[in-house]
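Work through the exercises below with the model open. Each task is followed by a stepwise solution.

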Amino acid sequence: MRSELPFFPTDLFADDRKAMLELLREIGTGREQKFILGERTADFEELLRESLGAADVVACGSGTSALGLVLRAMDIGSGDEVVVPAFGCAPLASSVLEVGAKPVFADIAPHTMVVDPDDVERRITDRTKAIMPAHMFSIMADMPRFVELAAKYGLRLLEDSAVAQGAVLDGTPAGLWGDAGVFSFVQVKSFGMPGEGGAVVTRDPELGRRVRMLRNHGQNRRRFVYEIVGTNSRFDEIQAAFQTYRFAGLPARLERRAAIADYYTERFSGLDGRGVVPPPSGREGRCYYVYCVQAEKRDELRDHLAERGIGSHVYYPQPLPLQAGFAPHAPAGGRWPNAEYASRRILALPIYPHLSDSEVTYIADAVCDFADEEGVSR
């Protein structure tokens, strides 16, 4: 059945279409004909910097490239190890491999599905140069603990906050706990846009300066003067203008996502005995980019929702070190039991901010109906 409530909405930017077309015309016909790394990108970076209280924000081509830029700026390379989560998106490992270093996979905590600090510590060796915790779905990693580990072992701390823009933990925004953090602006993220883009955020001005050069072929202030070997990870002026325009509405969109999550969690709080487990409740350290439940019969729940016109999505159906692309870089016979468990059970529900209250209720009813049916059949 075709989804009437798709997981990835087709009308995400419908209310902003007129503004986008106006910006496209303004920039496209502008006298300066500047389409990358112009004044609008600089204004967007400054807007984010001020809102976060960061020393620097460097807009770049994607959240993936942001991770690689930071690793290069940290001089991480051949012979170095970086401890990363075993459960997550490919860039957690690929960005490390692309700079010539080795990803070391750590398991996750079973309920929150964020990387387990204790397992990270067990995997630190004399070759470890950095740890890279990642915020997952709606939950920030235990950043106070990771700050302690980085200080204890003299490691760089790179925070993969790609999905967590707007989240705050203990008064500190996601992205600013370590040496640097990254954001992703791809369409479905909390501050997504109709295109590809990302940013590096940091409290370290020198790190920001190096990232800024690396994203633009190693150039600093003078064109065609290359101080270091860089790459092309530049930001689009039209997208910068569009994101600046939409920034004022971000708090309201985040609040709507959180309100939907609160409702889901309240409705699902009694379902764990019937095979459906919601994420932990609360808003501290949260940014509801995605709302995931864990279900004993995940595929059956997905089919049940589809029959009712509700789209859902399976994130990360297999841990990274067990996938063909990364298995050669993981210990033979290694196991990450919590990541493997989550991969079999995880299912994401729609949570985009323009869902109506009746649509949210309909989705929650469908999940509860499935759990009730499963409870009767046991």
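## Exercise 1: The cores

In this predicted model, the largest nonpolar core has 92 residues, and F87 and F137 touch the most other members. The element that gives the most to this core is α3, with six residues.

**Task.** List the residues in contact with F87, leaving aside its neighbours within four places in sequence. Then find residues of a second, separate core.

**Solution.**
1. Start at F87 and skip its neighbours within four places in sequence.
2. Keep residues with heavy atoms within 4.5 Å.
3. The contacts of F87 are then L92, I108, M113, M136, F137, Y315, Y316, A339, A342, S343 and I346.
4. F137 is on that list, and F137 shares with F87 the top place for touching other core members.
5. Now turn to the second, separate core: it has 37 residues, including L5, V276, L347 and Y352.

## Exercise 2: The largest pocket

**Task.** Which residues lie nearest the centre of the largest pocket, and which element gives the most to its lining?

**Solution.**
1. Take the space: about 720 Å³ lies in the largest pocket.
2. Take the lining of 25 residues; L37, R212, R215, N216 and N220 lie nearest the centre.
3. Assign elements: α2 (39–52), β1 (56–60) and α7 (205–214) each supply at least two lining residues.
4. Of the elements, α2 gives the most, with five residues.
5. Sort by class: 12 charged, seven nonpolar and six polar residues.

## Exercise 3: The second largest pocket

**Task.** How do the lining residues of the second largest pocket divide by class?

**Solution.**
1. This pocket holds about 440 Å³ of space.
2. Its lining has 25 residues, with C89, V163, K189, Y289 and Y316 nearest the centre.
3. Two or more of the lining residues come from each of α3 (63–73) and α4 (91–98).
4. α3 gives the most, with three residues.
5. The classes are 15 nonpolar, seven polar and three charged.

## Exercise 4: The cavities

**Task.** How many cavities of 30 Å³ or more does the structure hold, and what lines the second largest cavity?

**Solution.**
1. The structure holds three such cavities.
2. The largest has about 110 Å³ of space.
3. Of its 14 lining residues, F7, V188, R257, Y289 and Y352 are closest to the centre.
4. By class, that lining has 12 nonpolar, one polar and one charged residues.
5. The second largest cavity has about 40 Å³ of space.
6. Its lining is H111, T112, M113, M136, F137, S138, I139, P279 and C292.
7. Six of these are nonpolar, three are polar and none is charged.

Note on methods. Residues numbered from 1 in each chain as written. Predicted model: local features only at pLDDT ≥ 70, side-chain atom pairs only at ≥ 80, totals over all residues. Heavy atoms only, no water. 1 Å grid on protein atoms, 1.4 Å probe; cavity = no way out; pocket = protein on both sides within 12 Å on 5 of 7 lines; lining within 4 Å. Points joined across faces, edges and corners; volume = space filled by probe spheres on them. Helix = DSSP H or I, 4+ residues; strand = E, 2+ residues; numbered from the N terminus. Nonpolar A, V, L, I, M, F, W, Y, C, P; charged D, E, K, R; others polar. Core = buried A, V, L, I, M, F, W, Y, C linked by side-chain atoms within 4.5 Å. Buried < 20%, exposed > 50% of the residue type's maximum accessible area, 1.4 Å probe, protein only.
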